[in-house]
Amino acid sequence: MRSARVVLAIAGAALLALSACSEKAPELMNLRSDSNGPDEFAILPPKALEMPVSLAELPAPTPGGGNMTDPQPQNEAILALGGKPQPTTGVSDAGLYNYATRQGVTPGIRATLAAEDLEFRSKNRGRPLERLFNQNVYYKAYAKMSLDQHAELARWRAAGARTPSAPPRNKGE
């Protein structure tokens, strides 16, 4: 009986040691799946069908193209945040792009950031038991880089900046 406990303890320690030696890239918060199964984040319910004001104003159908009832979550998010979404015809907002790139563009920035992020996450993978039990350490890994939204809002309000999209002040403030 005692030898069985010793064997189980040694097996558990070996399993714990082997799980800590994994060379797999850290997975913190992945919304995309590499498996062949369905992607639950890609399923969007369709909008309700509507009768257009004029059938003559409808665009010509295109093979593989979308229709007016297709959900467009990016445009809906832009509208919810008070912005102006891009038209569905593919026309981009050249003015915004020109303003954002006024001081130049770093070529290959996405690849550089992805490599730096992978290196950072490799160094901040969590404790052995967190990895063993597949605990999500995303928020803990990036905690030092996160912004305290309430303190930042108070700082901007104290500086006299308008914050129309922020929640109203409490009566006690």
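**Figure 1. K123 and E119 meet in a salt bridge.** The side chains of K123 and E119 pair at 3.2 Å, N to O. The model shown here, and in every view below, is predicted. Both residues belong to helix α4, which spans residues 109-123. They sit 4 residues apart, so about one helical turn separates K123 from E119. K123 is exposed, because its relative accessible area of 63% is over the 50% cut-off. E119 is partly exposed, with a relative accessible area of 45%. Side chains of opposite charge can pair when their charged atoms come close.

**Figure 2. R155 and E152 form a salt bridge in helix α7**. The N to O distance between these side chains is 2.5 Å. Helix α7 covers residues 149-158. R155 and E152 are 3 residues apart there, about one turn of the helix. R155 is partly exposed, at 48% relative accessible area. E152 is also partly exposed, at 21%. That value lies just outside the buried class, because buried means under 20%. The search of the whole structure finds 2 salt bridges.

**Figure 3. H150 is an exposed residue of helix α7**. Its relative accessibility is 59%. The view also includes A166, which lies 16 residues from H150 along the chain. The C-alpha atoms of H150 and A166 are separated by 10.0 Å.

**Figure 4. Four residues make a nonpolar patch on the surface**. The members are L15, L129, L132 and F133. Together they have about 400 Å² of accessible area. L15 comes from helix α1, residues 2-20. L15 is exposed, with a relative accessible area of 53%. That puts L15 in the exposed class, because exposed means over 50%.

**Figure 5. N75 and Q72 are joined by a polar contact**. The contact runs between the two side chains and is 3.1 Å long. N75 is found in helix α2, which spans residues 73-80. N75 is buried, because its relative accessible area of 17% is under the 20% cut-off. So this close-up shows a buried residue whose side chain has a polar contact to Q72.

Methods: Residues are numbered from 1 along each chain as its sequence is written. This is a predicted model: local features need pLDDT of at least 70, side-chain atom pairs count only at pLDDT 80 or more; totals for chains, interfaces and linings use all residues. Side-chain values use heavy atoms; hydrogens and water are left out. Helices (H or I, at least four residues) and strands (E, at least two) are DSSP runs, numbered from the N terminus. Buried means under 20% relative accessible area, exposed over 50%, partly exposed in between (1.4 Å probe, protein chains only). Patches are made of residues with over 30% relative accessible area and no salt bridge: like charges are joined within 9 Å, nonpolar side chains (Val, Leu, Ile, Met, Phe, Trp, Tyr) within 5 Å. Accessible areas come from the Shrake-Rupley method with a 1.4 Å probe; for residues, only the protein chains shown count as cover. A polar contact is a pair of N or O atoms within 3.5 Å; within protein, one must be able to donate a hydrogen and the other to accept it, and residues adjacent in sequence count only if both atoms are side-chain atoms.
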